[in-house]
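Here is a brief report on one protein model and its ligand. Please look over the sequence and the fold before reading on.

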Amino acid sequence: MNKFLVFLEQREGIVKQSSISAWNRVQELAALDGNSVVSGILAGPVDTLQLDGVLAGDGVIYHAGEDGFGVYNQEKYTRVVADTFKREACTALFFADTALSREIAPRLSVRIQASLLSGSTTGKGVADGVSRRVYSGSFLASFVPTRQPRIYILSSSAPVPAFPDGGRIHFIDMEPQQCSVEDFFPVVRNIIMGEGPPDVAEARIVVAGGRGMGGAEGFALLEQLALLLGGAVGASRTAVDAGWRPHSEQIGQTGKTVAPALYFACGISGAVQHLAGIGSAGVVVAINSDRDAPVFDAADYGLVGDVHIVLPKLIDLLKEFLKKQ
Ligand SMILES: Cc1cc2nc3c(=O)[nH]c(=O)nc-3n(C[C@H](O)[C@H](O)[C@H](O)COP(=O)(O)OP(=O)(O)OC[C@H]3O[C@@H](n4cnc5c(N)ncnc54)[C@H](O)[C@@H]3O)c2cc1C
């Protein structure tokens, strides 16, 4: 019997969409496998009612709801996950691909002596190994980690199965003695980002720009478009290296992998390292002044033109359209 444990990440009491997707993905794997149970670990004071109807399948979620878990603390989180994993005799631990999981998964692999595989898209069943894109997304390779237990960081490009009805999830509040919360590394300052656009890795629509935007000020157009569409702004590495956008928005091999339903590539040439990050995007729209730019090969719709002319027109048209709705 395989026992899968899924880490559910919260921020400010809200469980991340990427964690909900990871849970549902693991439920699908368990269903395929036929010999697996899924449980979860959720750290932090969270109103679990928010998870009603969004988590698929059957399972137990262990909730370490003490205030001490409200703010991420590497050592505390590592400890509560490792303790739960061992106590429940789990065989595999799953994370969504986030900055937090990239930090604690390696610690956990040492703590529980597990193989760690990041960027997994998962195949038919984890027992047969998982798939992972290699060489800038050019190939899909299969990996079978030799050591048990196993930790997987699921790529955000992994397709999320549709579960029309929620599952039957049972929450168990952990007793304080089950989750020791001494402060080895107290949090000195917690900086809370204001309400803003969605994270580029989780957004349904991404409007990305590259060198062709001409500078940081050129991205104001993309911000306008993203705002109208309810999407997030992304960037090529060139735009990030130039300091026009933060690294958190970089898409590609050394940035984030995104899987939006709609992706705009504006003034982006379409280098293989950039395309590695958008392999699972739905519809790709490219706007580029060079009709031979490689990005057009990866696009569903291509617009040859100057972004400084095309984008304002597109924004005006969209405003008109939205006014009529
Ligand atoms: C190990 C490694 C890792 C990398 N990781 C990443 C990564 O994660 N993400 C990433 O993006 N890159 C990555 N790169 C860099 C990548 O190889 C490219 O250099 C980069 O993606 C190019 O960015 P760009 O398309 O913005 O710029 P360019 O390649 O310079 O392209 C600019 C494009 O804008 C067009 N353009 C110019 N002016 C206009 C205009 N006014 N209107 C419309 N179009 C215009 C041009 O025709 C051109 O196609 C990596 C490279 C290496 C070696």
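The sections below cover the basis of the model, a strand group, the ligand site, two buried residues and some backbone details.

## Basis

This is a predicted model: local features need pLDDT of at least 70, side-chain atom pairs count only at pLDDT 80 or more, and totals for chains, interfaces and linings use all residues. Residues are numbered from 1 along each chain as its sequence is written, and side-chain values use heavy atoms, with hydrogens and water left out.

## Strands S14, S15 and S16

Strand S15 spans residues 283–288, and 5 of its 6 residues are buried. Buried means under 20% relative accessible area, exposed over 50%, and partly exposed in between (1.4 Å probe, protein chains only). Strands (E, at least two residues) and helices (H or I, at least four) are DSSP runs, numbered from the N terminus.

S15 pairs with strands S14 and S16. Two strands pair if DSSP finds at least two bridges between them. Strand S14 (residues 262–266) runs parallel to S15, with 5 bridges. Cys266 has Ile287 of S15 as its bridge partner. Strand S16 (residues 301–304) is also parallel to S15, over 4 bridges. Here Val285 is bridged to Tyr301 of S16.

## The ligand site

The ligand is surrounded by 25 residues. A residue counts if one of its heavy atoms lies within 4 Å of the ligand. The closest are Arg211, Ser236, Thr254, Ser269 and Asn288. By type, the shell holds 17 polar, 4 charged and 4 nonpolar residues. In this scheme Ala, Val, Leu, Ile, Met, Phe, Trp, Tyr, Cys and Pro are nonpolar, Asp, Glu, Lys and Arg are charged, and the others, Gly among them, are polar.

Which ligand atom does the side chain of Asp306 approach at 3.0 Å? It is a nitrogen atom, and the Asp306 partner is a side-chain N or O atom. Two serines face ligand oxygen atoms: a polar side-chain atom lies 2.6 Å away for Ser236 and 2.7 Å away for Ser269. Polar contacts are pairs of N or O atoms within 3.5 Å. The protein covers 73% of the 980 Å² of accessible area that the ligand has on its own. Areas come from the Shrake-Rupley method with a 1.4 Å probe. Helices H5 (237–241), H6 (272–275) and H7 (307–324) are the elements that give two or more residues to the shell.

## Two buried residues

Val6 sits in strand S1 (residues 2–8). Its relative accessible area is 0%, so Val6 is buried. Beyond its neighbours within four places in sequence, Val6 contacts several residues, including Trp23, Val38, Ile41 and Phe94. Contact means heavy atoms within 4.5 Å. The C-alpha atoms of Val6 and Arg25 are 10 Å apart, across 19 residues of chain.

Thr78 belongs to helix H2 (residues 74–87). Thr78 is also buried, at 0%. Outside the same sequence window, Thr78 touches Ile104, Arg107, Leu108 and Arg111.

## Backbone details

Most residues other than glycine have a negative phi, and most peptide bonds are trans. The Gln148 to Pro149 bond is cis, with omega near -5°. Pro149 lies in the loop between strands S9 (139–143) and S10 (150–154).

Ala89 has a positive phi of about 50°. Ala89 is in the loop between H2 and strand S6 (92–96). Gln113 has a positive phi of about 55°. Its loop joins helix H3 (99–111) and strand S7 (115–120). Gln113 is partly exposed, at 44% relative accessibility.

Conventions. Polar contact = N/O pair within 3.5 Å; in protein donor to acceptor, adjacent residues only side chain to side chain.
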